[in-house]
Amino acid sequence: MAQGQSAYDPIRAELAARIGLIDARMSISDSADVAHEIDAIRAIAYRSGIHPAVTVAQALESALARGERGPLIHGWLALLSDAVDSERTDLAACATYAAACSVRLTG
């Protein structure tokens, strides 16, 4: 959790655990399984109003669809973790994370 968050947030904790599990199992998971897990994270984040995580999850799904694998996905997962931990959930935060995703996409 981000330092500014004082209260335990079970939704963010669940999302962080899911991301950690994906990251730990990357070498043995196939792309379809990873995509399914990312989609579940996106859906939970959407329902919970954690919009920056939705933005990053959508970009990560696109990266997987383009064929990114292995170590490249670890960077995406780190960005997704940051988005989950973000205290901001407004449109400006989404735009910031979208810009970060764009930088990752274009190298």
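**Exercise 1. Which side chain meets R42 in a salt bridge, and at what N to O distance?**

Solution.
Before starting, note that this is a predicted model: local features need pLDDT of at least 70, side-chain atom pairs count only at pLDDT 80 or more, and totals for chains, interfaces and linings use all residues. Residues are numbered from 1 along each chain as its sequence is written, and side-chain values use heavy atoms, with hydrogens and water left out.

- Step 1: Apply the cut-off. A salt bridge is a side-chain nitrogen of Lys or Arg within 4 Å of a carboxyl oxygen of Asp or Glu.
- Step 2: Find the partner. R42 pairs with E61, at 3.9 Å, N to O.
- Step 3: Place the pair. R42 lies in helix α2 and E61 in helix α3, so the bridge ties together parts that are 19 residues apart in sequence. Helices are DSSP runs (H or I, at least four residues), numbered from the N terminus.
- Step 4: Check accessibility. Buried means under 20% relative accessible area, exposed over 50%, partly exposed in between (1.4 Å probe, protein chains only). R42 is partly exposed at 21%. E61 is partly exposed too, at 22%.

**Exercise 2. Describe the other salt bridges, with the accessibility of their partners.**

Solution.
- Step 1: Take the total. The structure holds seven salt bridges.
- Step 2: Look at D9 and R12. Their side chains meet at 3.1 Å, N to O. D9 is partly exposed at 23%, whereas R12 is buried at 9%.
- Step 3: Look at E68 and R66. Their closest N and O atoms are 2.5 Å apart. E68 is buried at 13%, and R66 is partly exposed at 46%.
- Step 4: Look for shared partners. E14, R18 and E37 are joined into one network by salt bridges.

**Exercise 3. Characterise helix α3: its span, its buried face and its end.**

Solution.
- Step 1: Get the span. Helix α3 covers residues 51–66, which is 16 residues. From first C-alpha to last it reaches 23 Å, close to the 22 Å expected at 1.5 Å a residue. The expected span is 1.5 Å times one less than the number of residues.
- Step 2: List buried positions. Among them are P52, V54, V56, L60 and L64.
- Step 3: Ask what covers these buried residues. The cover includes α2 (31–48), α4 (71–85) and α5 (91–106).
- Step 4: Read the end. G67 follows α3, with a positive phi near 105 degrees.

**Exercise 4. Which residues of the largest nonpolar core touch the most other members?**

Solution.
- Step 1: Define the core. It is a set of buried Ala, Val, Leu, Ile, Met, Phe, Trp, Tyr and Cys residues joined through side-chain atoms within 4.5 Å.
- Step 2: Rank the members. The core has 27 residues, and I38, L60, L77 and L80 touch the most others.
- Step 3: Trace the sources. α1 (10–24), α2, α3, α4 and α5 each give two or more residues. The largest share, eight residues, comes from α3.
- Step 4: Zoom in on I38. Leaving out residues up to four places away in sequence, I38 touches I22, A57, L60, E61, L64, L77 and L80. Contact means heavy atoms within 4.5 Å.

**Exercise 5. Why do C94 and C101 form no disulfide?**

Solution.
- Step 1: State the cut-off. A disulfide needs a pair of cysteine sulfur atoms within 2.5 Å.
- Step 2: Compare. The sulfur of C94 is 10 Å from the closest cysteine sulfur, in C101, so the gap is too far for a bond.
- Step 3: Check the total. The structure holds zero disulfides.
- Step 4: Add accessibility. C94 is buried at 11%. C101 is buried as well, at 3%.
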